[in-house]
Amino acid sequence: MTQTSNRFFDEIARLMNDAAGAASGVKREVETVVRSQAERILRDLDLVKREEFEAVKDMARLAREENEALKARIEALEKKTGPVAET
């Protein structure tokens, strides 16, 4: 009976091991499918990366600062020469 019992438990252990390996494989496949679907959805949404957003934000800030400086120069020149008639 002891030998039969050991063989039974060995078979159970082997089946459990095989089931764990199969579950691990299924998990990897599901992760791959979910990741590819998420990447496709994000690509279709036409989102920008954080780095690109920050670069454009910095460019806008610099342009605004330059615009304000030019506006101040124009106002200073107009004080010297008088306002220019707009067309």
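Which residue forms a salt bridge with Asp44? I looked that up before anything else, and the partner is Arg40, with the closest N and O atoms 3.3 Å apart. I keep in mind that this is a predicted model.

**Entry: the end of H1**

I placed both partners: Asp44 and Arg40 lie in helix H1, four residues apart, about one turn of the helix. That spacing suits a contact, because an α-helix has 3.6 residues a turn, so residues three or four places apart point the same way. I then checked cover. Asp44 has a relative accessible area of 55%, so I put it down as exposed. Arg40 comes out at 37%, so it goes down as partly exposed.

**Entry: overall layout**

I stepped back to the whole chain. I find two helices and zero strands. Of the 87 residues, 1% count as buried. I also noted the accessible surface, about 8,600 Å², with 59% of it belonging to carbon and sulfur atoms.

**Entry: other salt bridges**

How many salt bridges does the structure hold? I have seven in the notebook, and I looked at a few of them.

Glu11 pairs with Arg14, and here the closest N and O atoms are 2.9 Å apart. Both sit in helix H1, three residues apart, again about one turn. Glu11 has 37% relative accessibility, so it counts as partly exposed. Arg14, at 42%, is partly exposed because it falls between the 20% and 50% cut-offs.

In H2 I picked out Arg50 and Glu54, whose side chains meet in a salt bridge at 3.3 Å, N to O. They are four residues apart in that helix, about one turn. Arg50 is exposed at 55% relative accessible area, whereas Glu54 is partly exposed at 28%. I also noted a network: salt bridges with shared partners join Glu11, Arg14 and Asp18.

**Entry: nonpolar patch on H1**

Which residues make the nonpolar surface patch of about 540 Å²? I listed Phe8, Phe9, Ile12, Leu15 and Met16. I looked closer at Met16, which belongs to helix H1, residues 2–44. Its relative accessibility is 57%, so it counts as exposed.

Two of the patch members came up again when I searched for ring contacts. The structure holds one aromatic pair. Phe8 and Phe9 form it, edge-to-face, 5.6 Å centre to centre, with 65 degrees between the planes.

**Entry: the loop**

I moved on to the loop between H1 and helix H2 (50–81), where Asp46 sits. What phi does Asp46 have? I read a positive value of about 60 degrees, although Asp46 is not a glycine. I flagged this because most residues other than glycine have a negative phi. The relative accessible area of Asp46 is 66%, so I call it exposed.

**Entry: H2 and what follows**

I checked the span of H2. It has 32 residues and reaches 46 Å from first C-alpha to last, close to the 46 Å expected at 1.5 Å a residue. Just after H2, Gly82 takes a positive phi of about 95 degrees.

Last, I compared this with the record. UniProt lists residues 53–80 as "coiled-coil region", in an unreviewed entry. What is the chain over residues 53–80, helix or strand? I get 100% helix and 0% strand there, with the end C-alpha atoms 41 Å apart.

Conventions
Residues numbered from 1 in each chain as written. Predicted model: local features only at pLDDT ≥ 70, side-chain atom pairs only at ≥ 80, totals over all residues. Heavy atoms only, no water. Patch = residues over 30% accessible without salt bridge, like charges linked within 9 Å, V, L, I, M, F, W, Y side chains within 5 Å. Areas by Shrake-Rupley, 256 points an atom, 1.4 Å probe, with all protein chains shown as cover. Salt bridge = Lys/Arg side-chain N within 4 Å of Asp/Glu carboxyl O. Buried < 20%, exposed > 50% of the residue type's maximum accessible area, 1.4 Å probe, protein only. UniProt positions renumbered as here; feature names shortened; annotations may be inferred. Expected span 1.5 Å × (residues − 1). Phe/Tyr/Trp six-rings, centres within 6.5 Å; stacked < 30°, edge-to-face > 60°.
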